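Visitor: I have a model open in front of me. Please walk me through how to read it.

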Amino acid sequence: MNQLTQSLEREGSSRFAFLGRGLAFLARPSVAVWAPIPLRLIVAYGFMAHGFAKLSKGPENFASILHTMGVPAPHLMAWLTILTELVGGLAVLLGDFVALVSLPMAAVLLVAMLTVHLPYGFSSIKLLSVTAGRAQFGPPGYELDLLYLACLAALVFGGSGPMAIDGLFRKWRKDGHSFLDQSH
């Protein structure tokens with residue numbers, strides 16, 4: 001019986017060791033450096049999709065919503081929000097000026113969280129019912145706002161990763177090029 005137990009323990013630990021070795025490649029710097037790419041893609045897509053939706057429905061419609069909520073200068077704030085979502089999303093997608101655009105993007109998220117989503121609680125998914133085979137959902141909470149804020153913070157503190165414009169400029173300057181040098 002003791003031999004069987006020892007054999008099972010060895011087999012079990014070798015399974016975990018195999019699993020550990022199998023997943024260890026994800027922690028290598030050569031692979032981990034790619035971690036910001038999915039963050040950039042989802043944040044950029046999310047912000048740009050919201051900006052395009054506001055733009056396509058008409059900024060005046062969004063301004064009227066802001067006016068109803070008591071936001072001062074609703075037309076100006078509507079355009080600033082739309083531009084923040086579009087320009088900020090594009091900058092994150094390209095991996096350039098991420099730290100700079102993250103500030104107004106975070107402000108948009110915080111305002112949305114505090115004025116729209118907070119009363120509905122944390123969860124972004126509230127299943128109300130299923131009718132005719134389709135799910136009916138209630139208003140989303142602030143969960144997604146927090147996830148976007150966390151992604152922006154990770155990009156600001158961890159960097160934009162490979163295939164980012166700011167990394168290409170950094171490499172270009174490191175190689176001895178300058179913006180004033182016209183000979184290259």
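Guide: Start with the order of elements. From the N terminus, the chain runs α-α-α-α-α-α-β-β-α-α. That makes eight helices and two strands. Keep in mind that this is a predicted model.

Visitor: How many residues does the chain have, and what share of them is buried?

Guide: The chain has 184 residues, and 28% of them are buried. Contacts add to the picture. Take those between residues at least 6 apart in sequence: 59% join residues at least 24 apart.

Visitor: Now the charged pairs. How many salt bridges does the structure hold?

Guide: One. Lys54 pairs with Glu85, and their closest N and O atoms are 3.1 Å apart. Lys54 sits in helix 3 (residues 36-57) and Glu85 in helix 5 (residues 74-94), so the bridge ties together parts that are 31 residues apart in sequence.

Visitor: Are the two partners buried or exposed?

Guide: The cut-off for buried is under 20% relative accessible area. Lys54 has 17%, so Lys54 counts as buried. Glu85 has 5%, so Glu85 is buried too.

Visitor: Next, pockets. How should I think about them?

Guide: Rolling a probe the size of a water molecule over the atoms shows where empty space is left. Here the largest pocket holds about 1000 Å³ of space. It is lined by 34 residues, and the closest to its centre are Lys54, Phe62, Glu85, Val108 and Ala112. Both salt-bridge partners, Lys54 and Glu85, are on that list.

Visitor: Which helices supply at least two residues of the lining of the largest pocket?

Guide: Helix 3, helix 4 (59-68), helix 5, helix 6 (98-117) and helix 7 (143-158). Helix 6 gives the largest share, nine residues.

Visitor: What is the make-up of that lining by class?

Guide: The lining of the largest pocket has 21 nonpolar, nine polar and four charged residues.

Visitor: And the nonpolar core?

Guide: In soluble globular proteins, nonpolar side chains tend to be buried together. In this model, the largest nonpolar core has 16 residues. Those touching the most other members are Val43, Phe47, Val92, Met105, Leu109 and Leu152. Helix 3, helix 5, helix 6 and helix 7 each give two or more residues to this core. Helix 6 has the largest share here, with six residues.

Visitor: Pick one core residue. What does Phe47 touch?

Guide: Leave out residues up to four places away in sequence. Phe47 then touches Glu85, Gly89, Met105, Leu109 and Tyr148. Among them is Glu85, the salt-bridge partner of Lys54.

Visitor: Helix 6 keeps coming up. What about Ser102, which lies there: is it buried or exposed?

Guide: Ser102 has a relative accessible area of 6%, so Ser102 is buried. With residues up to four places away in sequence set aside, Ser102 touches Leu152 and Val156. Leu152 is one of the core members named above.

Visitor: Finally, the strands. Where is Gln136?

Guide: Gln136 is in strand 2 (residues 134-137). At 35% relative accessibility, Gln136 counts as partly exposed.

Visitor: Which residues does Gln136 touch, not counting those up to four places away in sequence?

Guide: Lys126, Leu127, Leu128, Ser129 and Thr131. Take Lys126 as a check on distance. Gln136 and Lys126 are ten residues apart in sequence, and their C-alpha atoms are 8.4 Å apart in space.

Key: Residues are numbered from 1 along each chain as its sequence is written. This is a predicted model: local features need pLDDT of at least 70, side-chain atom pairs count only at pLDDT 80 or more; totals for chains, interfaces and linings use all residues. Side-chain values use heavy atoms; hydrogens and water are left out. A salt bridge is a side-chain nitrogen of Lys or Arg within 4 Å of a carboxyl oxygen of Asp or Glu. Helices (H or I, at least four residues) and strands (E, at least two) are DSSP runs, numbered from the N terminus. Buried means under 20% relative accessible area, exposed over 50%, partly exposed in between (1.4 Å probe, protein chains only). On a 1 Å grid over the protein atoms alone, a cavity is a set of points where a 1.4 Å probe fits but cannot get out, and a pocket is an open set with protein on both sides within 12 Å along at least five of seven lines; lining residues have an atom within 4 Å of a point. Grid points are joined across faces, edges and corners, and a volume is the space filled by probe spheres set on the points. Ala, Val, Leu, Ile, Met, Phe, Trp, Tyr, Cys and Pro count as nonpolar, Asp, Glu, Lys and Arg as charged, and the others, Gly among them, as polar. A nonpolar core is a set of buried Ala, Val, Leu, Ile, Met, Phe, Trp, Tyr and Cys residues joined through side-chain atoms within 4.5 Å. Contact means heavy atoms within 4.5 Å.
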